[in-house]
Amino acid sequence: MEFGPIWRAMLRNKGGFLLIALQIAVTMTIMVNAIAIIQERSRNIARPSGLDEANTFTLVSVSIGEDMDNKSLIDEDLDLLRGMPGVLNATASNSMPLLQSGWSEGLTLEPGEGKSDSSSALYFADEHTADTFALNFVEGANFEPNQVEWRNHEVNDWPPFVIVSRALAEDLFPDETGSYVGKTFYIDDDNPVNIIGVVERMQAAWQGWSGLERSMLVPQRQDWNFTRYIVRTEPGYREELMPEIEDMLVKSNPDRIIQSVRSMDEVRKLAYLGDAAMIRILTFIVALLTVITGLGIVGLASFNVSRRTRQIGIRRALGATRPAIVRHFMVENLLVSVIGIGVGGILAVALNMFMVEAFALEPLAWYVIPAAMSVLLIVGQLAVAGPARKASNVTPAIATRSV
Amino acid sequence: MLRMNSVSKVYRTDTVETHALREFSLSVEEGEFVSVTGPSGSGKTTFLNIAGLLEELTDGSYELDGRDISSLNDRERSRVRNEKIGFIFQSFNLIPELDIFDNVDVPLRYRGLKSAERRRRVERCLELVGLASRMKHLPAQLSGGQQQRVAIARALAGEPRFLLADEPTGNLDTHMADSVMELLAEINAGGTTIIMVTHELTLADRAKRNIFVRDGNVSDGYGSDASPELHFASAANA
């Protein structure tokens, strides 16, 4: 291979080559960091909520009648829901994972105002909630029916038992190596609560919250006119049951409105709408930049072929085969690309370090830079292939033509 | 060494058909120094292009070193050009971005010779043309005569069986032209066959044999009805 002469010739005519190398470097820098962001967002979207998402949906009942007995209505609704063929279980709660609205509390290990050892999302629950959410207990047990009490707007008492996610338990008791069951912490400054169960995973309602994995079930039912039901169906029945259940509840009591009937898929989609849009935009930008870089390489290579038509003819006259001419331009492009992706690699790492520091982004995965380098090298070689092939068709007879 | 028999070359466009060579026949033996003259448009350059395998012939046959050239594919033609033929062009045709060493090295790289062998040949040939001290210079830093000497060194580096020279002194002053012609004579004396296209009769006269081309056909001084002198006179008056 004639790397040496091609390199030396490029150094003597470096303007165009430097511009393309710079373009490749910028593309590399943006591509790598865009991929890092895309990966992080994709990982976020893929995080399991802890629920049986494929078979879960939610709806809201808002009582509008005067002097409605909310407790009775909720009990009747839940009886109807749990008795519906195809329904595995149902519960009433204030919120659910990824819903984007909910309740959170600061938690402390010692009673007293102004302290905060952790924080958690909070779901009011009964003995059916854990099963409806399809939670996986790693230790301890579910609530007993007699542990569940009603809560209304006038009451701000906290029950003495909770079920927590493992992430919350680990955050509260980082040095604990044994069981978390029986451990005590405080809600709302000075209300002691005991952990009676730990579940493997149960996400909070807010996908963008840093404590997404920290949540707990509180054995209380809300005596409010706004009730969210969460229903878990047998596999394959959800889509069919959603409208049926909506109709059934409307008919069972006309003094309320049924709204926001959403499958867990829709809940997740709404929660990650911004992330999904960001992924699409960044993917488009990366693709656009790659295409523009490819076109830039095509442009430079075409210009070089036109400018050096005579030189190509001379090389052909001196014995260069057509593949040798193609190889010449490929090698030339390879050298430019290597410089571009080398500089781009350094800039990409520097920008990523800045973004990790400034925006708490996760560091680059080790394989992103070599993958981006490979893509840009391949794009470069594909882009130059057309002009190089055109160059190889230059007739050697051009060498004897007058200048 | 070189045998062309009834070679024709026709250039065709949508509307025009140009016969550059018609029934062109010529034999050149090993070790000859043949000059080719003729008026503009007579077919000299076309002959040179076909002899140097830079273009394909339309009809007829061409044997080089006992091998039928018309049957070769592009890769084989490139190989023959690289191994058997050395080119010297009127405008030198050095590659401006490469230094003198790399310019002379170009055909040797295409032949795939090892680095040490290439270096030996390049240095020897540049020494032969008196430019060993200018290896790292660019073509633009040399005079026209020196550039043509580099081109000759490049042609010789491949140790070709024959040299094709296209107006090798066309861009040089008289002094430099003499020097280049002396160099060509020396090379020919070493056994290399040379075919030189020129429009200068004084230079043509320094060859061992003179060919006159007119209207795409050849009048060989050793076989035609008319004498070479008449042809030269005719060309001079054209």
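**Note on the interface and internal contacts of chains A and B**

1. In this predicted model, the rule finds four salt bridges across the interface of chain B and chain A. One salt bridge across this interface pairs B:D102 with A:R8, where the closest N and O atoms are 2.9 Å apart. The interface also holds 12 residue pairs in polar contact, with both residues of each pair at pLDDT 80 or more.

2. On the side of chain B that touches chain A, the elements giving two or more residues are helix 1 (44-51), helix 2 (74-84) and helix 3 (100-111) of chain B. Sorted by class, this side of chain B comprises 11 nonpolar, six polar and 10 charged residues.

3. The contact involves 27 residues of chain B and 28 residues of chain A. Interface size is often expressed as the accessible area lost when the parts come together. For chain B and chain A, the buried area is about 2,400 Å², and carbon and sulfur atoms give 54% of it. Of the area that chain B buries against chain A, 28% is supplied by B:E97, B:R109 and B:Y110, more than by any other three residues.

4. Chain A is divided into two parts: domain 1 (3-46 + 273-400) and domain 2 (65-254). Domain 1 of chain A is thus written as two segments, 3-46 and 273-400. The C-alpha centres of domain 1 and domain 2 of chain A lie 54 Å apart.

5. Over all chains, a search of the whole structure finds 35 salt bridges. Among them is the pair A:D126 and A:R82, whose closest N and O atoms are 3.2 Å apart. This pair links distant parts of the chain, 44 residues apart: A:D126 lies in the loop between strand 4 and helix 4 of chain A, and A:R82 lies in helix 3 (residues 70-83) of chain A.

6. The search of the whole structure also finds 10 aromatic pairs over all chains. In the pair A:Y123 and A:F133, the ring centres are 5.9 Å apart and the planes stand at 85 degrees, so the pair is edge-to-face. A:Y123 belongs to strand 4 (residues 118-124) of chain A, whereas A:F133 is in the loop between helix 4 (129-132) and strand 5 (137-140) of chain A; the two are 10 residues apart.

Conventions
Residues numbered from 1 in each chain as written. Chains lettered and ligands numbered in written order. Predicted model: local features only at pLDDT ≥ 70, side-chain atom pairs only at ≥ 80, totals over all residues. Heavy atoms only, no water. Domains from an automatic or database assignment. Contact = heavy atoms within 4.5 Å. Buried area = accessible area lost by both parts, 1.4 Å probe. Salt bridge = Lys/Arg side-chain N within 4 Å of Asp/Glu carboxyl O. Polar contact = N/O pair within 3.5 Å; in protein donor to acceptor, adjacent residues only side chain to side chain. Helix = DSSP H or I, 4+ residues; strand = E, 2+ residues; numbered from the N terminus. Nonpolar A, V, L, I, M, F, W, Y, C, P; charged D, E, K, R; others polar. Phe/Tyr/Trp six-rings, centres within 6.5 Å; stacked < 30°, edge-to-face > 60°.
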